[in-house]
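User: Hi! I'm new to reading protein structures, and I'd like to go through one step by step. Could you help me with some questions?

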Amino acid sequence: IVSLILASVFFMVYSGNLALSADGIAFSVLGAFENTVVGTSLVYGGLVGLGFSLLTVLKQKQT
């Protein structure tokens with residue numbers, strides 16, 4: 001769950017930063033959250049969370 005939350009927030013800031021830089025605006029956290037692509041960020045965060053959970057399950061089955 002922690003990896004899901006951290007990855008989602010990271011991708012929100014990242015996509016917001018891309019939108020800001022495309023408009024020529026300096027980075028700010030509030031500006032990044034205002035211009036984020038929420039749907040894409042949540043999908044990528046979900047995929048990272050799924051990847052971590054699969055790694056955890058596979059690691060437990062090996063021991």
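User: Which helices do the buried residues of H1 pack against?

Analyst: Good place to start, and keep in mind that this is a predicted model. The buried residues of H1 are Ala-7, Ser-8, Met-12, Ser-15, Gly-16 and Leu-20. Their packing partners are H2 and H3.

User: How many residues does H1 have, and how far does H1 reach from its first C-alpha to its last?

Analyst: At 1.5 Å a residue, the expected reach is 30 Å, and H1 comes close to that. After H1 comes Gly-24, whose phi is positive, near 75°. As for H1 itself, the helix has 21 residues and reaches 30 Å.

User: Is Ser-15 buried or exposed?

Analyst: Ser-15 lies in helix H1. Buried means under 20% relative accessible area. Ser-15 has 15% relative accessibility, so this residue counts as buried.

User: Which residues does Ser-15 touch, not counting residues up to four places away in sequence?

Analyst: One partner is Asn-35, which is 20 residues from Ser-15 in sequence and 7.6 Å away in space, C-alpha to C-alpha. Another is Ser-41, found in helix H3. The full list for Ser-15 is Asn-35, Thr-36, Val-37 and Ser-41.

User: What is the relative accessible area of Ser-41?

Analyst: Leaving aside neighbours within four places in sequence, Ser-41 is in contact with Ser-8, Phe-11, Met-12, Ser-15 and Thr-36. Ser-41 is buried, and its relative accessible area is 2%.

User: Which helix is included in what covers the buried residues of H3?

Analyst: Let's look at H3 first: Ser-41, Gly-45 and Gly-49 are buried there. In an α-helix there are 3.6 residues a turn, so residues three or four places apart point the same way. The cover over the buried residues of H3 includes helix H1.

User: How many residues does H3 have?

Analyst: H3 covers residues 38-62. From its first C-alpha to its last, H3 reaches 36 Å, close to the 36 Å expected at 1.5 Å a residue. The number of residues in H3 is 25.

User: What is the separation of the C-alpha atoms of Tyr-44 and Phe-11?

Analyst: Tyr-44 lies in helix H3 and, at 43% relative accessibility, counts as partly exposed. Along the chain, Tyr-44 and Phe-11 are 33 residues apart. Their C-alpha atoms are separated by 7.2 Å.

User: Is Leu-30 buried or exposed?

Analyst: The place of Leu-30 is in helix H2. In space, Leu-30 is 9.2 Å from Gly-16, C-alpha to C-alpha, with their positions 14 residues apart in sequence. The cut-off for exposed is over 50% relative accessible area. Leu-30 has 61%, so the answer is exposed.

User: Which element gives the most to the nonpolar patch?

Analyst: The patch on the surface is formed by Ile-1, Leu-4, Ile-5, Val-9, Phe-27, Val-29 and Phe-33, with about 670 Å² of accessible area together. The elements that give two or more residues are H1 and helix H2. Val-9, one of the patch residues, is in helix H1 and is partly exposed at 37% relative accessibility. With 3 residues, the element that gives the most is H1.

User: Now for the whole protein. How many helices and strands are there?

Analyst: From the N terminus on, the elements run α-α-α. That fits the count: 3 helices and 0 strands.

User: Why is the protein described as more spread out than a compact globule?

Analyst: For 63 residues, the globule rule gives 11 Å. The C-alpha atoms fill a box of roughly 50 × 15 × 15 Å along the principal axes. The protein is more spread out than a compact globule because its radius of gyration is well over the rule's value, at 15 Å.

User: What share of the residues in the protein is buried?

Analyst: Starting with the surface, the protein exposes about 4,600 Å², and carbon and sulfur atoms supply 73% of it. Among contacts with a separation of 6 or more, 52% come from residues 24 or more positions apart. Of the 63 residues, the buried share is 19%.

Notes. Residues numbered from 1 in each chain as written. Predicted model: local features only at pLDDT ≥ 70, side-chain atom pairs only at ≥ 80, totals over all residues. Heavy atoms only, no water. Helix = DSSP H or I, 4+ residues; strand = E, 2+ residues; numbered from the N terminus. Expected span 1.5 Å × (residues − 1). Buried < 20%, exposed > 50% of the residue type's maximum accessible area, 1.4 Å probe, protein only. Contact = heavy atoms within 4.5 Å. Rg over C-alpha atoms; globule rule 2.2 N^0.38 Å. Areas by Shrake-Rupley, 256 points an atom, 1.4 Å probe, with all protein chains shown as cover. Patch = residues over 30% accessible without salt bridge, like charges linked within 9 Å, V, L, I, M, F, W, Y side chains within 5 Å. Salt bridge = Lys/Arg side-chain N within 4 Å of Asp/Glu carboxyl O.
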